[in-house]
Amino acid sequence: MKRLLLTLAVVLAAAGSWAQDAFKGMWRCEALQATLLINLAEKNITLKDFEGEMTYGYLKGELNGTWVILKVKEVKDKKALVRMVSDIGYDAQDVEFRLLEDGTMEMRLVGDPVMKTIANRKYVKMPKVSVFKKD
């Protein structure tokens, strides 16, 4: 019985590790003209202009600033829920990332969108769902 429980624990830990490793790398969204650098397995991404600060990743592009992954709330299967904050720390947004079968990743804003993008030289609310391709 102990061996069975130990084996089950090892399998679950390995599955969780794989899920976090799947959310790793550089992703690009053409619609937002934005790049997402992400590693949900480890807080090892350095932020430019923030000396010594390490994070799980950030989203940068034609947006209202840089959005930093401050906290990984949950990772399971092909979904991850994170908390992102703007680089000035004023706005925060829960975001769900979901890996799709075609190799792309969907970013879904949870709740009311506070993240904004630039359209016609004005800030407008981002779409609730954006699709990223691995770079």
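## Exercises on a predicted barrel model

The protein chain has one helix and twelve strands. The model is predicted.

### Exercise 1. Lay out the chain

Give the pattern of elements along the sequence of the protein chain. Then state what share of its residues is buried.

**Solution**

Step 1. Read along the sequence. The pattern is α-β-β-β-β-β-β-β-β-β-β-β-β.

Step 2. Turn to burial. The chain has 135 residues, and 34% of them are buried.

Step 3. Take the surface. About 8,600 Å² is exposed, with 54% of it supplied by carbon and sulfur atoms.

Step 4. Check the contact range. Take contacts between residues at least 6 apart in sequence: 35% of these join residues at least 24 apart.

### Exercise 2. Trace the barrel

In what order do the eight strands close into a barrel? Which residue is the bridge partner of Trp27 in β2?

**Solution**

Step 1. Follow the pairing around the barrel. The order is β1-β2-β5-β6-β7-β8-β9-β12, and the pairing is antiparallel.

Step 2. Add the angle. On average, neighbouring strands of this sheet are turned by 30° against each other, direction ignored.

Step 3. Zoom in on one pair. Strand β1 covers residues 24–29 and strand β2 residues 34–39; six bridges join them in the antiparallel sense.

Step 4. Pick out one bridge. Trp27 has Leu36 as its partner in β2.

### Exercise 3. Place Thr117

Is Thr117 buried or exposed? Which backbone oxygen does its side chain reach?

**Solution**

Step 1. Locate the residue. Thr117 sits in strand β10, residues 116–119.

Step 2. Apply the cut-off. Buried means under 20% relative accessible area. Thr117 has 10% relative accessibility, so it counts as buried.

Step 3. Find the polar partner. The Thr117 side chain reaches the backbone oxygen of Glu62 at 2.8 Å.

Step 4. List the surroundings. Beyond four places in sequence, Thr117 contacts Leu32, Glu62, Leu63, Lys122, Tyr123, Val124, Lys125 and Met126.

### Exercise 4. Judge the confidence

Where in the protein chain is confidence lowest, and where is it highest?

**Solution**

Step 1. Start with the whole chain. Mean pLDDT is 84, and 84% of the residues reach 70 or more.

Step 2. Find the extremes. Confidence is lowest in helix α1, residues 2–22, at a mean of 47. Confidence is highest in strand β9, residues 105–110, at 97.

Step 3. Narrow the weak stretch. Over residues 4–20, pLDDT stays under 50. For these residues the model has seven contacts beyond four places in sequence.

Step 4. Draw the consequence. Where pLDDT is low, predicted coordinates should not be read in detail.

Notes: Residues numbered from 1 in each chain as written. Predicted model: local features only at pLDDT ≥ 70, side-chain atom pairs only at ≥ 80, totals over all residues. Heavy atoms only, no water. Pairing = 2+ DSSP bridges. Helix = DSSP H or I, 4+ residues; strand = E, 2+ residues; numbered from the N terminus. Axes fitted to C-alpha atoms, helices over the stretch in contact; angles between N-to-C directions. Buried < 20%, exposed > 50% of the residue type's maximum accessible area, 1.4 Å probe, protein only. Polar contact = N/O pair within 3.5 Å; in protein donor to acceptor, adjacent residues only side chain to side chain. Contact = heavy atoms within 4.5 Å. pLDDT = per-residue confidence, 0-100. Areas by Shrake-Rupley, 256 points an atom, 1.4 Å probe, with all protein chains shown as cover.
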